[in-house]
Amino acid sequence: PVWSGFGRHLVSNLTTVSNSVRGFTVLLLGRYFGERLIADGRAEEHDALPIFLRTEQLCAYARFVVNEAGDTRGIDRVRKFLNEGRSIRIEDGPDGWSLGDQKPYGLWGLFTVSARVSGLVADGPVGLTDPARDFVENEYLPHLKPVLDRVTRLVRKGGNIDATKRNPVM
């Protein structure tokens with residue numbers, strides 16, 4: 001109730017589906033990483049969605065492992081993969097997805113329209129608006145600085161990661 005009342009003032013197109021601050025955080029980070037990797041020449045525009053989906057996977061594991069967040073989208077698959085071993089794989093395709101079909105049922109499909117109408121994401125599959133980019137760079141990146149290179153590699157190409165609280169990436 002607090003988020004619905006207050007959130008609608010911050011995010012004008014808030015819906016019952018796009019109702020999570022953490023969901024918008026992941027959306028901004030995923031689009032930011034795609035934008036940066038493309039701008040740096042380390043990815044192409046068609047890589048934006050896979051980069052986003054790997055960011056969403058990594059964030060789902062981090063939220064569950066560190067914060068024990070049970071409201072994470074795809075929590076059942078996150079638990080299943082973690083029960084199979086400490087090392088998990090961030091990858092493209094259904095074998096690594098945190099949801100059965102991560103594109104439409106994940107944050108990309110559920111939050112992009114609300115974020116676009118609210119002025120957070122640019123038109124098209126890549127990028128943020130200037131205020132949203134500034135926010136990510138000033139608020140999120142300083143916290144990620146110690147692990148930014150490792151996180152960038154994981155969201156760019158995928159890979160294995162130990163899903164433990166002691167792992168600084170988590």
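These legends accompany several close-up views of a predicted model.

**Figure 1. Tyr 32 and Phe 33 form an aromatic pair.** Let's start with the rings: the structure holds 2 aromatic pairs. In this view, the rings of Tyr 32 and Phe 33 sit edge-to-face, 6.2 Å centre to centre, with 70° between the planes. How accessible are these two residues? Tyr 32 has a relative accessibility of 7%, so this residue counts as buried. Phe 33 is buried too, at 5% relative accessibility.

**Figure 2. Phe 135 and Tyr 140 make another edge-to-face pair.** Here the ring centres of Phe 135 and Tyr 140 lie 5.2 Å apart and the planes meet at 85°, which is why the pair is called edge-to-face; the cut-off for that label is an angle over 60 degrees. Is Phe 135 buried, partly exposed or exposed? With a relative accessibility of 38%, Phe 135 counts as partly exposed. Its partner Tyr 140 is buried, at a relative accessible area of 17%, because buried means under 20%.

**Figure 3. Helix H3 packs against helix H8.** Take a look at how two helices meet: H3 covers residues 48-67 and H8 covers residues 148-157. Their axes are 7 Å apart and make an angle of about 125°, so H3 and H8 are oblique to each other. The crossing of H3 past H8 is right-handed.

**Figure 4. Side by side, residues of H3 and H8 build the contact.** Which residues of H3 take part? On the H3 side you will find Ile 51, Arg 54, Thr 55 and Leu 58. They meet Val 151, Leu 154, Val 155, Arg 156 and Lys 157 of H8. Sorted by class, the contact of H3 with H8 has 5 nonpolar, 1 polar and 3 charged residues. Among the charged residues in this contact is Arg 54 of H3, and Thr 55 counts as polar.

**Figure 5. Lys 165 touches residues from a distant part of the sequence.** Our last stop is Lys 165, in the segment that follows strand S2 (159-162). Lys 165 is exposed, with 54% relative accessibility. Where does Lys 165 make contacts, leaving aside residues up to four places away in sequence? Lys 165 touches Val 65, Val 66 and Glu 68. Phe 64 gives a sense of the separation along the chain: Lys 165 and Phe 64 are 101 residues apart in sequence, yet 9.9 Å apart in space, C-alpha to C-alpha.

How values were computed:
Residues are numbered from 1 along each chain as its sequence is written. This is a predicted model: local features need pLDDT of at least 70, side-chain atom pairs count only at pLDDT 80 or more; totals for chains, interfaces and linings use all residues. Side-chain values use heavy atoms; hydrogens and water are left out. Rings of Phe, Tyr and Trp (its six-membered ring) pair if their centres lie within 6.5 Å; planes under 30 degrees apart count as stacked, over 60 as edge-to-face and the rest as tilted. Buried means under 20% relative accessible area, exposed over 50%, partly exposed in between (1.4 Å probe, protein chains only). Axes are lines fitted to C-alpha atoms, for helices over the stretch in contact, and angles run from 0 to 180 degrees between N-to-C directions. Helices (H or I, at least four residues) and strands (E, at least two) are DSSP runs, numbered from the N terminus. Angles under 35 degrees count as roughly parallel, over 145 as roughly antiparallel, 65 to 115 as roughly perpendicular and the rest as oblique. A crossing is left-handed if the near helix is turned anticlockwise from the far one by less than a right angle, and right-handed if clockwise. Contact means heavy atoms within 4.5 Å.
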